[in-house]
Amino acid sequence: MLSFEYPFAFSLLLVYLVCAKFCKAKNPSFYFSNIDMLEKAAKKANVALNLVKFIIAFLLITALASPVKKDEISFVDDKGYEIALMLDVSGSMERGDKFSAVKNIVKDFIAKRTHDKIGLSVFADFAYVAIPLTYDKNSIKRLLDRVDVGIAGTQKTALYEALFLTANLFKDSTAKDKIIILPTDGMDNAGSIPLDVAIKTAQKYGIKVYTIGVGVPGDFNPAVLAKIAKDTGGEYFSSNSFKGLEEIYSKIDKLEKSDIRADKYIKKTYYFHYFALFAGVFMVVYFFMINRKRYV
């Protein structure tokens with residue numbers, strides 16, 4: 001149903017009616033012998049003109065009141081985890097089809113986390129948050145289908161910057177266990193954020209970071225990934241297979257679930273322009289009637 005953002009605008013209708021009654025313009029007077037017939041004709045014309053004027057005023061005031069239709073979209077409160085996934089899209093992930101393998105595992109992971117809030121960040125030459133924490137798994141899946149190596153550059157790996165940005169997704173979170181999953185085959189060589197700053201940010205918000213080395217030793221720094229995991233209460237998984245991500249499933253399920261408050265969105269559809277358009281149509285009709293009356 002329609003509602004109005006500014007319903008007090010309808011008080012202008014009262015102003016219009018008062019003015020229509022007491023603020024009439026004084027026109028020159030003419031006297032005719034057959035005055036009754038002229039009065040009847042003028043009365044009919046005036047009724048039609050006044051009706052059109054009222055319709056114009058009503059439509060314009062309704063447009064001013066801003067009619068809207070509100071659709072509320074809510075998600076039911078539930079118990080679950082808040083998890084942020086970090087996706088390495090640097091050029092090295094293209095070798096050995098590592099990126100496709102990781103992306104497929106991530107998709108499978110998301111499909112299994114039906115009651116969790118999921119976020120996604122990507123990094124290469126620079127890092128950015130692709131999707132903040134949300135229940136909308138379909139949006140994440142659609143985005144993953146479009147994510148590929150090279151969308152954030154191919155020359156560097158801004159690993160620490162990505163961890164810092166991803167940790168900040170949880171700054172307003174009240175979940176008991178907050179989780180970041182970080183698979184990578186590279187070492188930070190962007191130098192945009194120091195490692196200790198990234199780790200302290202994760203510690204500040206009580207985030208457990210699970211790190212996975214992807215590929216062969218030498219591509220990444222096991223000591224750094226182990227340090228990130230240890231300092232944040234997470235766990236580091238070695239690089240000998242892609243099973244690290246799968247092992248994390250059972251690790252997460254042993255953590256304490258939190259009451260996750262439902263998100264609520266209100267979609268507004270505005271209709272004021274339709275009322276303004278019809279008011280314009282009636283204005284054209286009014287001017288036509290005025291000119292016709294003038295020359296009849």
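Two strands are taken to pair if DSSP finds at least two bridges between them, and by that criterion S8 and S9, joined by 2 bridges, run parallel in this predicted model. Within this pair, Thr 211 stands opposite Tyr 236 in S9.

**View 1. The whole chain, a predicted model with 9 helices and 11 strands.** Of the 296 residues in the chain, 39% count as buried, and the area that the chain exposes comes to about 17,300 Å², with carbon and sulfur atoms supplying 59% of it. Among the contacts in the chain with a separation of 6 or more, 84% are accounted for by residues 24 or more positions apart.

**View 2. Strand S8 and the strands that flank its pairing, S7 and S9.** Because 6 of its 7 residues are buried, S8 is largely enclosed by the rest of the structure. S7 and S8 pair in the parallel sense over 7 bridges, and Ile 181 stands opposite Tyr 210 in S8. Together with helix H6, these two strands make a right-handed β-α-β unit. The pairing of S8 with S9 is also parallel, with 2 bridges, and includes the position where Thr 211 stands opposite Tyr 236.

**View 3. Strand S4, residues 82–88, and its parallel partners S5 and S7.** All 7 of the 7 residues of S4 are buried, so the strand is largely enclosed by the rest of the structure. In a regular strand the side chains alternate between the two faces of the sheet. In S4, Glu 82, Ala 84, Met 86 and Asp 88 point one way, whereas Ile 83, Leu 85 and Leu 87 point the other way, and all of them are buried. The chain crosses from S4 through helix H3 (residues 98–112) to S5, in a β-α-β crossover that is right-handed. S4 and S5 (residues 117–123) run parallel and are joined by 7 bridges, with Ala 84 opposite Gly 119 in S5. S4 also runs parallel to S7, to which 4 bridges join it, and the bridge partner of Glu 82 in S7 is Lys 178.

**View 4. Helix H7, residues 222–232, with its buried and exposed sides.** Val 224, Leu 225, Ile 228, Ala 229 and Thr 232 of H7 are buried. These residues lie on the same side of H7, because they cover an arc of only 130 degrees around the axis. Ala 223 and Lys 230, on the other side of H7, are exposed. The cover over the buried residues of H7 includes helix H5 (159–167), strand S7 (178–184), helix H6 (195–204), strand S8 (207–213) and strand S9 (236–237).

**View 5. The two ends of H7, with Asn 221 at the start and Gly 233 just after the helix.** At the start of H7, a side-chain oxygen of Asn 221 reaches to within 3.0 Å of the backbone nitrogen of Ala 223. Just after H7, Gly 233 takes a positive phi of about 85 degrees.

**View 6. Gln 203 of helix H6 and its contacts with Asp 231 and Thr 232.** Gln 203 counts as partly exposed, at 39% relative accessibility. Leaving aside neighbours within four places in sequence, Gln 203 is in contact with Asp 231 and Thr 232. A polar atom of the side chain of Gln 203 lies 2.9 Å from the backbone oxygen of Asp 231. Gln 203 and Thr 232 are 29 residues apart in sequence, but their C-alpha atoms are 5.8 Å apart in space.

**View 7. Leu 144 of helix H4, residues 137–146, and the residues in contact with it.** With a relative accessibility of 0%, Leu 144 counts as buried. Apart from its neighbours within four places in sequence, Leu 144 is in contact with Leu 87, Lys 103, Val 106, Lys 107, Ile 110 and Leu 120. Between Leu 144 and Val 106, which are 38 residues apart in sequence, the C-alpha to C-alpha distance is 9.0 Å.

**View 8. Ser 66 in the loop between helix H2 (35–64) and strand S2 (67–74).** Ser 66 counts as buried, at 7% relative accessibility. Its contacts, leaving aside neighbours within four places in sequence, are with Ser 3, Phe 4, Glu 5, Tyr 6, Tyr 270 and Phe 272.

Notes
Residues numbered from 1 in each chain as written. Predicted model: local features only at pLDDT ≥ 70, side-chain atom pairs only at ≥ 80, totals over all residues. Heavy atoms only, no water. Buried < 20%, exposed > 50% of the residue type's maximum accessible area, 1.4 Å probe, protein only. Arc of directions from axis to C-beta. Contact = heavy atoms within 4.5 Å. Polar contact = N/O pair within 3.5 Å; in protein donor to acceptor, adjacent residues only side chain to side chain. Areas by Shrake-Rupley, 256 points an atom, 1.4 Å probe, with all protein chains shown as cover. Right-handed = clockwise from strand over helix to strand, strands pointing away.
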